[in-house]
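Subject: Structure handover

Hello,

Here is the structure I said I would pass on. My notes on it follow below.

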Amino acid sequence: MRFGFGEPPPSLRDADVRFKRLAKQVTDGLTTAEGSIPQLSTKGQQELLRFLLSLLKDFFPVGHGLVDVQGNVLRPSQISTVSIPITARDGSRWPFEHRIRLYLSDQTGFRAAGEHYTGNFSSIRLYTRELHTATLSDAIGTSLHELIHMMFAMIRRFERYLGPIGAEGAARLLAQKPWRLVVLSGFDGHRDRLERHLLDLLRIIPIPMQAGALAASLIEEAFAAQFEVVVDEAIVRATHAKKRTRGPSILVNIGFQPKEFLKFYVLEHGFAVTDKQLNSPQALQIFQRMTSDVELLAKAIRSHLDS
Ligand SMILES: [Zn+2]
């Protein structure tokens with residue numbers, strides 16, 4: 001088959017279809033999520049969602065970068081900047097900035113729908129192939145999920161970067177809405193209990209992390225997952241309110257079964273863990289023992305979000 005001048009080869013045209021579809025799903029999801037804000041049950045949730053959506057608007061409908069199948073940047077991402085003005089006691093100013101880039105990526109070999117990398121800035125990739133059949137709520141849910149990771153990374157950087165002045169500034173900032181919601185120190189007990197299970201699990205499953213760090217990371221994961229549920233419920237309520245119908249308020253069922261929860265985490269982070277390893281009799285035994293602690297964590301995060 002031959003192609004005329006200016007006509008892209010079929011592989012690029014297919015990629016283009018995937019880029020366009022995902023960009024549209026996220027853009028429409030953004031509008032839908034924005035319309036659901038009044039349906040969120042607390043001011044804190046509303047402010048957090050408003051903040052995340054304001055960042056997403058820097059990338060959708062335009063502004064997001066594109067990455068091709070080989071991982072090359074076809075189009076750079078716009079940079080979205082979160083600026084936090086901090087004034088120290090002596091009056092000196094310590095402006096803090098965190099920059100974010102967001103790409104739609106056509107790369108293969110990734111099993112996750114989205115991913116967040118962090119260094120001195122944040123970079124989010126949404127995978128077009130995994131998300132090609134995604135519903136609006138999956139597309140916006142994945143975007144918000146990765147932005148939640150961005151936010152935790154930003155706050156960690158903020159606390160580290162500014163040292164004593166930052167600590168004071170960070171404490172002040174984190175006492176305010178919506179930031180108060182992302183203070184997870186109240187979950188230390190949950191983290192310790194998870195860590196004990198993970199010490200056993202890491203002996204048989206090759207996740208390259210220490211049990212403590214993995215436990216802390218799973219608390220953040222549970223937060224991101226529960227926030228997705230909260231937003232999805234609000235979207236469903238908003239839809240019913242518009243149609244003046246009643247219906248089930250919970251549609252998403254994000255698994256808080258330990259195995260599914262850990263599997264999602266492993267996929268999102270691209271760790272080389274096989275299904276066989278996750279399903280070995282020893283692993284299943286540990287997951288069994290973890291069940292009640294993971295369920296308690298999920299419930300605690302949810303009531304924290306609803307408080
Ligand atoms: Zn995650």
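A caution before the details: this is a predicted model.

I start with strand S6, which spans residues 122-127. Of its 6 residues, 5 are buried, so the strand is largely enclosed by the rest of the structure. Its pairing with strand S4 (residues 96-105) is parallel and runs over 6 bridges. One position to look at there is Leu-102, whose bridge partner in S6 is Ile-124.

Leu-102 also leads to another part of the chain. Its C-alpha lies 9.0 Å from that of Pro-76, although 26 residues separate the two in sequence. Pro-76 sits in the loop that links strand S2 (73-75) to strand S3 (80-84). Is Pro-76 buried or exposed? It counts as exposed, because it has 11 C-beta neighbours inside 10 Å and the exposed class takes in residues with 12 or fewer.

On the other side of S6 in the sequence is a loop leading to helix H3 (136-161), and Thr-133 is in that loop. Thr-133 is exposed too, since 9 other C-beta atoms lie within 10 Å of its own. Leu-22 is 111 residues away from Thr-133 along the chain, yet their C-alpha atoms are separated by 8.8 Å.

The other item is a helix pair. The axes of H6 (residues 211-243) and H9 (residues 281-306) come within 9 Å and cross at roughly 60°. The two helices are therefore oblique to each other, and their crossing is right-handed. On the H6 side, the contact is made by Ala-222, Phe-223, Gln-226, Phe-227 and Val-230. H9 contributes Leu-297, Ala-298, Ile-301, Arg-302 and Leu-305. Sorted by class, the residues in this contact are 8 nonpolar, 1 polar and 1 charged. Gln is in the polar class and Arg in the charged class, so Gln-226 of H6 and Arg-302 of H9 account for those two entries.

For the chain overall, the counts are 9 helices and 6 strands. Buried residues make up 34% of its 307 residues. Taking contacts with a separation of 6 or more, 66% are between residues 24 or more positions apart. The two C-alpha pairs given above, Pro-76 with Leu-102 and Thr-133 with Leu-22, are also separated by at least that many positions.

Regards

Terms used. Residues numbered from 1 in each chain as written. Predicted model: local features only at pLDDT ≥ 70, side-chain atom pairs only at ≥ 80, totals over all residues. Helix = DSSP H or I, 4+ residues; strand = E, 2+ residues; numbered from the N terminus. Buried ≥ 20, exposed ≤ 12 C-beta atoms within 10 Å, placed from the backbone. Contact = placed C-beta atoms within 7 Å. Pairing = 2+ DSSP bridges. Axes fitted to C-alpha atoms, helices over the stretch in contact; angles between N-to-C directions. Parallel < 35°, antiparallel > 145°, perpendicular 65-115°, else oblique. Left-handed = near helix turned anticlockwise from the far one by under 90°.
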